[in-house]
Amino acid sequence: MPRYATIITDDDGREIVSAIGAFEGAAPQPRLGRIEQVALSVLIGMVRDAAGGFGFPQAGIGGQAIGLVLARLKAQAAKRIGAAKPAAAKPKRAKRAKKRTRSKKPAGLMPKAGRAASEAAAQTMGQIDG
């Protein structure tokens, strides 16, 4: 089944693939741009290169130049106006104190019943060993 791509022209004059479809029989009628048969490797968003093939545009070429121009304009405007002082940094919020929890029973104390049982166990162990 042949694949057809809708190709539109952007503001810069580049031809861009905007839609792709597979159709049996005759080519579909174009609604916007023009339609031509393309290979399986062609994807939406590709741009026609100088050789007549398709590829993705190089990232950063156009946007990088615009970014440099905008940075230069901002620097010039700051010189004319006089560089504004940066805003004072907000004071850091104090950390909350952790809630201290007390154990229900102090560590060194044992209930009387438990103490008697442990003493009895110690005596029987002493009788076995000795």
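1. Let me start with a side-chain contact that caught my eye: E15 and R48 form a salt bridge, with an N to O distance of 2.5 Å. E15 belongs to strand 2 and R48 to strand 4 (residues 47-48), so this pair ties together parts 33 residues apart in sequence. As for exposure, E15 is partly exposed at 21% relative accessible area, and R48 is partly exposed too, at 23%. Do keep in mind that this is a predicted model.

2. R48 has another partner. Its side chain also meets that of E36 in a salt bridge, here at 2.9 Å from N to O. E36 sits in strand 3 and R48 in strand 4, so this pair ties together parts that are 12 residues apart in sequence. E36 is partly exposed, with a relative accessible area of 23%. Through shared partners, salt bridges link E15, R34, E36 and R48 into one network.

3. How many salt bridges turn up in the whole structure? The search finds 5. One of them pairs D10 with R14, at 3.1 Å from N to O. D10 is partly exposed, with 21% relative accessible area, and R14 is partly exposed as well, at 36%.

4. On to the strands. Strand 1 (residues 3-9) has 5 of its 7 residues buried, so the rest of the structure largely encloses it. Strand 2 (residues 15-22) runs antiparallel to strand 1, and 7 bridges join the two. Within that pairing, I8 has I16 as its bridge partner. The two strands make a hairpin with 5 residues between them, and G13 in the turn shows a positive phi of about 90°. That glycine is worth a look when you have the model open.

5. What else does strand 1 pair with? Strand 3 (residues 34-38), again in the antiparallel sense, over 5 bridges. Here I7 stands opposite R34. R34 is also one of the residues in the salt-bridge network from point 2, so look at both roles together when you inspect this residue.

6. Now the core. The largest nonpolar core has 7 residues: A5, I7, V17, V38, V42, M46 and F54. In soluble globular proteins, nonpolar side chains tend to be buried together. F54 deserves its own mention: setting aside neighbours within four places in sequence, F54 is in contact with I7, V17, E36, V38, V42, M46, V47, R48 and D49. That list includes core members such as I7 and V17, and it also includes E36 and R48, which meet in the salt bridge of point 2.

7. Last, the aromatics. How many aromatic pairs are there? The count comes to 1. Y4 and F23 form this pair, which is tilted, with 6.3 Å centre to centre and 45° between the planes. Y4 lies in strand 1 and F23 in the loop between strand 2 and strand 3, so the pair ties together parts 19 residues apart in sequence. Is each ring's residue buried or partly exposed? Y4 counts as buried, at 11% relative accessibility, whereas F23 is partly exposed, with a relative accessible area of 35%.

Conventions
Residues numbered from 1 in each chain as written. Predicted model: local features only at pLDDT ≥ 70, side-chain atom pairs only at ≥ 80, totals over all residues. Heavy atoms only, no water. Buried < 20%, exposed > 50% of the residue type's maximum accessible area, 1.4 Å probe, protein only. Helix = DSSP H or I, 4+ residues; strand = E, 2+ residues; numbered from the N terminus. Pairing = 2+ DSSP bridges. Phe/Tyr/Trp six-rings, centres within 6.5 Å; stacked < 30°, edge-to-face > 60°. Core = buried A, V, L, I, M, F, W, Y, C linked by side-chain atoms within 4.5 Å. Contact = heavy atoms within 4.5 Å. Salt bridge = Lys/Arg side-chain N within 4 Å of Asp/Glu carboxyl O.
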